[in-house]
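User: I should like a close look at a single part of this model, followed by an account of how the rest of the chain is arranged. Please state the criteria behind each term.

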Amino acid sequence: MRLQIVLVAGSLSLASAALAAGGVQWIADFKNGLSGWSVQRINKKVPATVFTATTVGGKKAAEAKAVKSMALLTRKVTIDLAQTPVLCWQWRVSGALKTADITKKKGDDQAARVYVGLKLPAASMSLGTRAKLGAARAQGGNAIPDGALNYVWDNKLAVGTTRPNVYTERARVIVMQTGNGQAGQWVSERRDIAADIEKQFKTKKGKVTSLAISADTDNTGETVTAWFTNIHMVGAGQSCQF
């Protein structure tokens, strides 16, 4: 994928649609299909990953099929990280990519990715970063976030590896799964977003503004299918609702 700090537009706000009860804020279980989500193409010259609502392994899910393609399925979100800082989700892939290498621009693809767009306080960004963001937004990218966390299913790097995206340090990549050991089955994930924002961007005042899911193969030219479901936020000491 060529651009990891992306414009997320046309999505519905989750503020009024959130199912918040008992400290749980639901983002999507896809029982109502892809309602509230929109496809965002990063490069109109690149074929778009195809997103559909489906059922796989007994779970309602969003399917992302990438064939030499890239796009995001996105929505805006409003989350109180003081109350529900932990992101939970389940995902599944047909297989890890064979030739991807997220340490190089020409190999920057992933079998599956959960993308979290962020708003960060100005004091946490350098003057140079603020200038670059301002220039990008002036050219029509008003919804470009200040930063992003990318949780990925990689093919070679160890689980827990964290690094800047090869195109911009404003996007951090965190490897949650790697290889084919759990391909073809549902895998449950849990990540403290508030802690990751503080560690990666040196601030406790970051806010989540958007969430997206994707499968990305425009650089490698491969084919992969990923599925996502049960995306929700919980309290720091609370169990995920799988």
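In the hairpin of β4 and β5, which residue takes a positive phi, and how many residues lie between the strands?

Analyst: The residue is G57, whose phi is positive and near 60°, and the hairpin has 2 residues between its strands. This is a predicted model, in which local features need pLDDT of at least 70 and side-chain atom pairs count only at pLDDT 80 or more, while totals for chains, interfaces and linings use all residues. Residues are numbered from 1 along each chain as its sequence is written, and side-chain values use heavy atoms, with hydrogens and water left out.

The two strands of the hairpin, β4 (residues 50-56) and β5 (residues 59-67), run antiparallel and are joined by 7 bridges; strands count as paired if DSSP finds at least two bridges between them. Within this pairing, F51 stands opposite A64 in β5. In a regular strand the side chains alternate between the two faces of the sheet.

The hairpin belongs to a chain with 2 helices and 14 strands. Helices (H or I, at least four residues) and strands (E, at least two) are DSSP runs, numbered from the N terminus. Of the contacts with a separation of 6 or more, 78% are between residues 24 or more positions apart, a contact being heavy atoms within 4.5 Å.

One disulfide is counted in the chain, the criterion being a pair of cysteine sulfur atoms within 2.5 Å. The disulfide joins C88 to C240, with an S to S distance of 2.1 Å. It links distant parts of the chain, since C88 lies in strand β7 (residues 86-93) and C240 in the segment after β14 (223-234), 152 residues apart. The torsion about the S-S bond of C88 and C240 is about -75°, so the disulfide is left-handed. Both cysteines, C88 and C240, are buried; buried means under 20% relative accessible area, exposed over 50%, and partly exposed in between (1.4 Å probe, protein chains only).

The count of salt bridges is likewise 1, where a side-chain nitrogen of Lys or Arg must be within 4 Å of a carboxyl oxygen of Asp or Glu. R191 and D196 form it through their side chains, at 2.7 Å from N to O. R191 is partly exposed, because its relative accessibility is 22%, whereas D196 is buried, because its value is 6%.

For the chain as a whole, 52% of the 242 residues are buried. The exposed area is about 10,600 Å², of which carbon and sulfur atoms supply 50%; accessible areas come from the Shrake-Rupley method with a 1.4 Å probe, and for residues only the protein chains shown count as cover.
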